[in-house]
Amino acid sequence: FGHKTTANRIADVLADHEIGSPARVRQADRGLVRTDGGNLIYDAKCQAIHDPVRLADDLKLITGVVEHGLFLDLADEAIIGTDAGVEVMVP
């Protein structure tokens with residue numbers, strides 16, 4: 001219900017944060033992907049997020065946005081396995 005309006009508002013916020021890639025509704029062979037609660041999922045490919053805290057706040061202020069994927073303050077380091085080996089990232 002009203003997801004296209006919400007998508008437009010998400011696009012405005014992403015543009016304000018200089019994220020050029022638009023958010024796209026996630027789709028699978030069976031159609032639109034929904035959460036267990038029946039909500040649609042939008043994905044946005046981001047190269048760099050200059051102010052993730054402000055972006056998270058701005059997204060949460062949009063009516064219709066239930067949650068975002070910016071998992072802030074949840075870990076002290078990230079350990080990422082790649083074909084070239086292990087990369088450890090510390091903020």
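Start by selecting α1 (3-16): this helix gives the largest share of the lining of the largest pocket, six residues. Helices here are DSSP runs of H or I with at least four residues, strands are runs of E with at least two, and both are numbered from the N terminus. A pocket is an open set of points on a 1 Å grid over the protein atoms alone, where a 1.4 Å probe fits, with protein on both sides within 12 Å along at least five of seven lines; lining residues have an atom within 4 Å of a point.

Before you go on, note that this is a predicted model, in which local features need pLDDT of at least 70 and side-chain atom pairs pLDDT 80 or more, while totals for chains, interfaces and linings use all residues. Residues are numbered from 1 along each chain as its sequence is written, and side-chain values use heavy atoms, without hydrogens and water.

Next, add β4 (42-43) and α2 (52-60), which, like α1, each supply at least two lining residues. Now pick I10, L40, Y42, V65 and E67, the residues nearest the pocket's centre among the 31 that line it. The space inside is about 800 Å³, a volume being the space filled by probe spheres set on the points, joined across faces, edges and corners.

Then move to the second largest pocket by selecting A75, D76, E77, A78, M89, V90 and P91. About 150 Å³ of space lies there.

Last stop: G69, in the loop between α2 and β5 (78-82). G69 counts as exposed (over 50% relative accessible area, 1.4 Å probe, protein chains only) because its relative accessibility is 52%.

Terms used. Buried means under 20% relative accessible area, exposed over 50%, partly exposed in between (1.4 Å probe, protein chains only).
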